[in-house]
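Student: Could you take a close look at one part of this model for me, namely its interior and how the pieces there fit together? I'd like one connected walk-through rather than a list.

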Amino acid sequence: MILTSMFVCFCVASAINFLKTRRQRKTIKNLKGPFTWPLLGSMHKLLLLTPKNFFHRSSTYLAKYGKFSRCWVFHRLFIPVADRELAHQLLHHEQYLETGNELMQDWLDGGILMCRKDEWPQRHQLLSKLFEQQNLMRLLELSRYQAVQFELKFTEMANREVFNVWDVVSPLVMDLMVMITCGVRPTEDYTVALKSLSELYRQRFLSAQSANRFTFWLTCPFMRRRQKRLIKQLNANHMQLINQNRLQWQMQEQTKANCYTIDAKYHQSLLDSLLLQGDHTEKEICGELNTCNYFGYLLCSTTICFALVMIARHPSVQMRCLEEIKKARDSAGWDLQRLPFLESVIMETLRLYPPQVILGRELSTDFPYTHSVVGNGNLPAGAEIYINLFEMQRNEELQLKAEHFQPERFLENPPELLSFGLGPRSCPARQFTVSLIKSLLAPILEKFEFLPFGDALQLDLQLILGSRNGFQLALKER
């Protein structure tokens, strides 16, 4: 009797799901995809996906179903894309800007990643102003100061056989990002909370139990409680900083009224910009700080680690970087504009190892497209599009020796780089990020020789691109 009831419920649920998704199914008939079971869809494809096998299975999937396909999971329609033609049309379109990042909603809600498309231009403009020339120079000076801390840490590692460079780079990058966003050096408690929460979300990614909000609520009560506690702790720190800044401004206004002079802050932080604008709620301010701290910390740390490993494993690249850095040095430091080859190394690293492997878009209305392979058509409202940058930027059809590390390609005929996104929702901090990484790499490349020791990279995907065995290398002082 119980089995019969379960079977009847399954059939009813399947019928309802089929009727609800009938229009979507009709719209995407021209797309290939895996076999779709009643109600469950192609759930088996996701259940077998892990951070360890993601790249192998992704490559196999694309080879079988093409670079533009469909995949049903229950009522959700996924559109995996590794096709530049479609990606260009979607990313350059001003209407389809929602990222639909449900996994991060509890933590980053209110920030630029989760904002609505009508809010995006204002948020983009706010962040762009943070990197205007005068403040940009001050932020880069802050980066140069942090580069001294890099040198000290790497000096401790000199002459060791092998070490994981992530353990050196990530804490210092986190400190720098918090200083840029919040205007203060993070406390130890804040650092531990940000690191712990970042690792928690990385564990949730590609986890069948905890990726979906409902299953996470149902099956992971202890992780959910810990996540909630860490978010509350970070936001409490943010609220304390908000109140301190407001109190300081009130005191400054009183001081100005009494005709006393006051010292300005050395640089304007993101928090300063948000408070000066005055039309953001405290939830939005916390969401913005969380978003920029999280992505700045993980994406910049990952890029620097991959770049150092590539430099260590390509001695001719390292030698050319060193020669360029020596020529660009003057009494005040390095002229970052005179480091085009180092910049090309960073760009080539981002091409081969994009920290954010997947760019997502969620369609609120139908998206009409033209395509040379599958023909013209529409992607229906509600579809979730996932653009695979890793596969797209290694496509041998688009450039020669796409799997090889060749920084020179960005000097001669630069290929299009999608790691910062494209179109109206591209990263507003692109140029600053590249300059920041150059200012951190230049002094340590001049002082240390990086050696290709240790195991090769074992790529995995936990929200961002990483390596299961770390980023192993060795170094010695020059």
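Tutor: Helices here are DSSP runs of H or I with at least four residues, strands are E runs of at least two, and numbering starts from the N terminus. With that convention, Lys401 falls in the loop between helix 17 (389-392) and helix 18 (409-412). Keep in mind that this is a predicted model. We'll come back to that loop after the interior.

Start with the largest nonpolar core, which has 115 residues, and where Trp107, Phe154, Leu308, Leu441 and Phe450 make the most contacts. Helix 14 (residues 282-312) supplies the largest share of this core, 18 residues. A second, separate core of 24 residues includes Ile28, Ala87, Leu363 and Tyr369. As background, nonpolar side chains tend to be buried together in soluble globular proteins.

Leu308 is a handy way into the big core. Setting aside residues up to four places away in sequence, Leu308 touches Phe154, Val165, Val169, Leu441, Ile444, Phe450 and Leu473. Two of those partners, Leu441 and Ile444, take us to helix 19 (residues 430-447), since they are among the residues of helix 19 that meet helix 14. On the helix 14 side, the residues are Cys300, Thr303, Ile304, Ala307, Leu308 and Ile311, and across from them sit Thr433, Ile437, Leu440, Leu441, Ile444 and Leu445. By class, this contact has 10 nonpolar, 2 polar and no charged residues.

As for geometry, helix 14 and helix 19 pack at about 45° with their axes 11 Å apart, so the two are oblique to each other. Their crossing is right-handed.

Helix 19 also packs with helix 9 (residues 166-182), here at an angle of about 135° and with the axes 13 Å apart. That makes helix 9 oblique to helix 19, and this crossing is right-handed. Leu176, Met177 and Ile180 from helix 9 make the contact with Phe432, Leu436 and Leu440 from helix 19. Sorted by class, those residues are 6 nonpolar, no polar and no charged.

Did you spot Leu440? It is listed in the contact with helix 14 and again in the contact with helix 9. Leu440 is also a contact of Gln146, along with Leu172, Asp175, Leu176, Met179 and Arg185, once neighbours within four places in sequence are left aside. Gln146 lies in helix 8 (residues 133-157), and with a relative accessible area of 0% it counts as buried.

Ala82 is another buried spot, at 4% relative accessible area, though it is found in a loop, between strand 2 and helix 5 (84-91). Beyond its neighbours up to four places away in sequence, Ala82 touches Leu62, Lys67, Asn388, Glu391 and Met392. Ala82 and Pro354 are 272 residues apart in sequence, with their C-alpha atoms 14 Å apart in space.

Back to the loops, then, for some backbone oddities. Most residues other than glycine have a negative phi. Lys401 has a positive phi of about 50° although it is not a glycine, and its relative accessible area of 49% makes it partly exposed. Phe74, also not a glycine, has a positive phi of about 55°. It belongs to the loop between strand 1 (71-73) and strand 2 (76-81), and at 34% relative accessible area Phe74 is partly exposed.

Terms used:
Residues are numbered from 1 along each chain as its sequence is written. This is a predicted model: local features need pLDDT of at least 70, side-chain atom pairs count only at pLDDT 80 or more; totals for chains, interfaces and linings use all residues. Side-chain values use heavy atoms; hydrogens and water are left out. A nonpolar core is a set of buried Ala, Val, Leu, Ile, Met, Phe, Trp, Tyr and Cys residues joined through side-chain atoms within 4.5 Å. Buried means under 20% relative accessible area, exposed over 50%, partly exposed in between (1.4 Å probe, protein chains only). Contact means heavy atoms within 4.5 Å. Axes are lines fitted to C-alpha atoms, for helices over the stretch in contact, and angles run from 0 to 180 degrees between N-to-C directions. Angles under 35 degrees count as roughly parallel, over 145 as roughly antiparallel, 65 to 115 as roughly perpendicular and the rest as oblique. A crossing is left-handed if the near helix is turned anticlockwise from the far one by less than a right angle, and right-handed if clockwise. Ala, Val, Leu, Ile, Met, Phe, Trp, Tyr, Cys and Pro count as nonpolar, Asp, Glu, Lys and Arg as charged, and the others, Gly among them, as polar.
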